[in-house]
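Here is a short report on one protein chain. Keep the sequence and the 3D view at hand while reading.

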Amino acid sequence: MRHHVLSMRDGSAGRRMQWAAGTAAVLAFGTGTAAAHAVWESTAALPTQGVSSGSLALSTQWVGGATALPALYPNQSSDTATLRVTETAASGTTLRWRLRVEVSVTGAGSEYVRTEVFVGACGGPAPLAAGSAYEPAGGLLPGQSVDLCVRTTLSAEAPSAQQGTSLTPSVSVVAEQVGI
C-alpha cells in the first residue's frame with residue numbers, strides 16, 4: 001500500500017517570496033531614482049542698482065562726400081560715403097541699443113542691383129546679413145555713434161537696356177532697445 005505524503009508547502013510561501021522580492025526591487029529602484037532627481041537651490045543677494053528709462057532717437061549724417069550713387073557698370077561695385085548714425089535721446093539712461101539697417105533700391109532695373117551694408121569702411125570683415133542687426137556685446141551705449149558704408153553692385157547680367165536709367169537708393173536705420 002502506498003502512502004501519499006502531503007507537502008507542507010501549499011505554494012503560498014513561494015508567492016510571499018516573489019512578493020517580497022518585487023517590493024524590495026521597487027523600493028531600491030524607486031529610492032535610487034528619486035535620489036538621482038534631487039534638486040538643489042541656492043540664492044544670493046544682488047547689489048542694488050539704479051535703472052532709468054527713456055527714449056531712443058537717432059540722427060544720421062553723411063560724412064566725407066556726396067550721397068548720390070556714381071555711375072554703375074556691370075559687375076562693378078560703388079561705395080557710398082560714410083553714414084554716421086548716432087543715438088541722441090537716451091543720455092543719462094541705462095538703455096542699450098542695437099542698430100538695424102535696411103537698404104532698398106527702386107527704379108527700372110533695380111532687380112539687377114545688390115546692396116551690402118558694412119559697419120565701418122566698405123569691404124570690412126563681413127557685411128551685415130540681410131534683416132540682421134548690428135549689436136556689439138552688451139549693446140551700443142546712449143550717445144554712441146556707428147559708421148556705415150553701403151556698397152552697391154550692378155549684376156553682370158544687367159541688360160544694356162538699363163544704360164542711362166535712374167535708380168533711387170534708400171537707407172533706413174532703426175534703433176532697437178536691448179537688455180543689458
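Which backbone nitrogen does the side chain of Glu87 reach at 3.1 Å? That of Gly143. The model is predicted, and every value below is computed from it.

**Glu87 and its surroundings**

Glu87 belongs to strand E3, which spans residues 82–87. Glu87 is buried, yet it has no salt bridge. The nearest side chain of opposite charge is Arg96, 9.4 Å away. A salt bridge requires a nitrogen and a carboxyl oxygen within 4 Å, so a separation of that kind has to be read against this cut-off.

What does the side chain of Glu87 meet instead? Backbone is part of the reply. A polar atom of the Glu87 side chain lies 3.3 Å from the backbone nitrogen of Ala57. The backbone nitrogen of Gly143 is reached at 3.1 Å. Both residues also appear among the contacts of Glu87. Leaving out residues up to four places away in sequence, Glu87 touches Ser55, Leu56, Ala57, Leu58, Trp97, Pro142, Gly143 and Gln144.

**The chain as a whole**

The protein chain has one helix and eight strands. Read from the N terminus, the order is α-β-β-β-β-β-β-β-β. The chain holds 180 residues, and 18% of them are buried. Glu87 is one of the buried residues.

Contacts reach far along the sequence. Among those between residues at least 6 apart, 85% join residues at least 24 apart. The accessible surface comes to about 12,600 Å². Carbon and sulfur atoms account for 55% of that surface.

**Salt bridges**

Side chains of opposite charge can pair when their charged atoms come close. How many salt bridges does the count give? Five. Three of the pairs are listed here.

| Pair | Closest N to O distance |
|---|---|
| Arg151 and Asp79 | 2.8 Å |
| Asp147 and Arg84 | 2.7 Å |
| Glu176 and Arg100 | 2.8 Å |

Take the pair of Arg151 and Asp79, which meet at 2.8 Å. Arg151 sits in strand E7 (residues 145–154) and Asp79 in strand E2 (residues 77–79). The two are 72 residues apart, so this pair links distant parts of the chain. Asp79 is partly exposed, with a relative accessible area of 36%.

Next comes Asp147, whose salt bridge with Arg84 has its closest N and O atoms 2.7 Å apart. Asp147 lies in strand E7 and Arg84 in strand E3, so the pair ties together parts that are 63 residues apart in sequence. Asp147 is partly exposed at 27% relative accessibility. Arg84 is partly exposed too, at 30%. Strand E3 is also the strand of Glu87.

The third pair joins Glu176 and Arg100 at 2.8 Å. Glu176 is in strand E8 (residues 168–178), and Arg100 is in strand E4 (residues 96–106). They are 76 residues apart, and the pair links distant parts of the chain. Arg100 is partly exposed, with a relative accessible area of 23%. Glu176 and Arg100 also belong to a network of salt bridges, together with Arg98 and Glu135.

**A loop residue**

Is Ala71 buried or exposed? Ala71 counts as exposed, at 56% relative accessibility. Ala71 lies in the loop between strand E1 (58–63) and E2. The C-alpha atoms of Ala71 and Gln163 are separated by 9.6 Å. Along the chain, these two residues are 92 residues apart.

How values were computed
Residues are numbered from 1 along each chain as its sequence is written. This is a predicted model: local features need pLDDT of at least 70, side-chain atom pairs count only at pLDDT 80 or more; totals for chains, interfaces and linings use all residues. Side-chain values use heavy atoms; hydrogens and water are left out. Helices (H or I, at least four residues) and strands (E, at least two) are DSSP runs, numbered from the N terminus. Buried means under 20% relative accessible area, exposed over 50%, partly exposed in between (1.4 Å probe, protein chains only). Lys and Arg count as positive and Asp and Glu as negative; His and the chain ends are not counted. A polar contact is a pair of N or O atoms within 3.5 Å; within protein, one must be able to donate a hydrogen and the other to accept it, and residues adjacent in sequence count only if both atoms are side-chain atoms. Contact means heavy atoms within 4.5 Å. Accessible areas come from the Shrake-Rupley method with a 1.4 Å probe; for residues, only the protein chains shown count as cover.
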